[in-house]
Each structure stands twice: as C-alpha cells, then as structure tokens.
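Visitor: Could you walk me through this model while I look at it?
Guide: Gladly; here it is.
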Amino acid sequence: MQLQYDNTFGRTIFKAEYLQGTQPGVAASASIIGPLSSTSFSAQPATDLYLRPFSGYYLWLTQQIANTKFTALVSYDVYDPNREISESEIGVAGNNTTAGDIKFSTLGYGITYLINSRFKLTLYNEHVVNDGTKLPDYTADLKDDVFTTRLQYRW
C-alpha cells in the first residue's frame, strides 16, 4: 500500500507492506555463508535445511520539509523468521532452534538532502532490537544498530 499527499508543507508519503510464507534456510552456523546456504544442487549446505514459516511487515513515512531539498525519513519493520515459536523458547534443549529463529524489529530514522537533480545525500540510523532467548549469545538485545551515510548519483 502506498499513499502520497502533496500539501503546503511538502510531500508526505506513507508506504506499508506485509509478507508471509514458508522459506528454506540453514541453522545459524559459522560454516555456512552466502550462496552456500541455498538449496541449489550445485552448492549444497554442509548442515541440515530448515523449513520455517515466516512473516514480517514494513512501514515507511517520508516527509519533505517545507518544500525544501530536505526530506525526513522514519521506518519501522518487523521480521519473524519462525512464527511457530516464541523467543523465550529459542535455545531450549530438544526443540531444535537456533539464532536463525530470532525475531527482529528495526526503527529507522534519518534525513536526505537533494544536492541537485543528480546527487542525493542520506544520513540514516537503524535501531535493531531482538528479544532475549535461551541461546548463550542472544540472552539480551544485541548491540547491532547501523548508521549509514550514502551519496547517490543518478545517470
């Protein structure tokens, strides 16, 4: 869904998306990276494959500031790679769960500046949150926020 409203204090855009399905994956393992975690015949993973029911949603709000070259950005998203289990159950002996089952939510905020018709500068911070689990490295929220500075050029 996308809504846009052009008003006296700038353009306001709201976007929302929901997704759900079933996806294959591997347990969190240091020996599986990138393309090796696929289910292709040419690159089989070295560990078991898991079939997980996932869901997630994204919300974006952008607000042009008083018809200037500045735009404020706010986003919120949630991704749950395994809807069938709660975070308090992850890592409990016998239920075959791993870090690949942990649900994450992210609050993002930032600003863009349109330098000219070809260049755009973006400063953006993502505050990533996960609930604690019974896994040793994931008993509390990880310190994994991300700050990005991006300069884009359009041909």
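Guide: One cut-off is needed before we look at the surface: a patch is built from residues with over 30% relative accessible area and no salt bridge, and like charges are joined within 9 Å. Please keep in mind as well that this is a predicted model.

Visitor: Fine, so which residues gather in a patch of positive charge?
Guide: The positive patch on the surface brings together R118, K120, R150 and R154. R118 sits in the loop between β5, residues 104-114, and β6, residues 119-130.

Visitor: And why does R118 count as partly exposed?
Guide: Because its relative accessibility is 39%, R118 falls in the partly exposed class, which spans the range between under 20% for buried and over 50% for exposed.

Visitor: Which residues make the nonpolar surface patch?
Guide: That patch covers about 1,100 Å² and is made by I65, F70, I111, I115, F119, L121, L123, F147, L151, Y153 and W155. The elements that contribute two or more residues to it are β6 and β7, the latter covering 146-153. L151, for instance, belongs to strand β7, and it counts as exposed because its relative accessibility reaches 55%.

Visitor: Let's step back. How many helices and strands are there?
Guide: The protein chain has zero helices and seven strands, so that its pattern along the sequence reads β-β-β-β-β-β-β. Of its 155 residues, 29% count as buried.

Visitor: How do β2 and β3 pair?
Guide: Strand β2, residues 10-26, runs antiparallel to strand β3, residues 49-64, and 15 bridges join the two. As a point of reference in that pairing, T12 is placed opposite Q63 in β3.

Visitor: What about β3 and β4, how many bridges there?
Guide: Ten bridges connect β3 with strand β4, residues 70-80, and this pairing is antiparallel too. Here G56 faces Y79 in β4.

Visitor: What happens between the strands of that hairpin?
Guide: Five residues lie between the strands of the β3 and β4 hairpin, and A66 among them takes a positive phi near 45°. That deserves a second look, since A66 is not a glycine. Most residues other than glycine have a negative phi.

Visitor: Where is N67, and what is its phi near?
Guide: N67 also lies in the loop between β3 and β4, and its phi, again positive in a residue other than glycine, is near 55°. With a relative accessible area of 49%, N67 is partly exposed.

Visitor: Changing topic: how many salt bridges does the count come to?
Guide: The count comes to two salt bridges. In one of them R11 is paired with D6, and the closest N and O atoms are 2.9 Å apart. R11 is partly exposed at 39% relative accessibility, and D6 is partly exposed at 48%.

Visitor: And R52 with D101, how far apart are the closest N and O atoms?
Guide: In the salt bridge between R52 and D101, the closest N and O atoms are 2.7 Å apart. R52 lies in strand β3 whereas D101 lies in the loop between β4 and β5, so the pair ties together parts that are 49 residues apart in sequence.

Visitor: Are R52 and D101 buried or exposed?
Guide: Both R52 and D101 are buried.

Methods: Residues are numbered from 1 along each chain as its sequence is written. This is a predicted model: local features need pLDDT of at least 70, side-chain atom pairs count only at pLDDT 80 or more; totals for chains, interfaces and linings use all residues. Side-chain values use heavy atoms; hydrogens and water are left out. Two strands pair if DSSP finds at least two bridges between them. Helices (H or I, at least four residues) and strands (E, at least two) are DSSP runs, numbered from the N terminus. Patches are made of residues with over 30% relative accessible area and no salt bridge: like charges are joined within 9 Å, nonpolar side chains (Val, Leu, Ile, Met, Phe, Trp, Tyr) within 5 Å. Accessible areas come from the Shrake-Rupley method with a 1.4 Å probe; for residues, only the protein chains shown count as cover. A salt bridge is a side-chain nitrogen of Lys or Arg within 4 Å of a carboxyl oxygen of Asp or Glu. Lys and Arg count as positive and Asp and Glu as negative; His and the chain ends are not counted. The place of a charge is taken as NZ of Lys, CZ of Arg, CG of Asp or CD of Glu. Buried means under 20% relative accessible area, exposed over 50%, partly exposed in between (1.4 Å probe, protein chains only).
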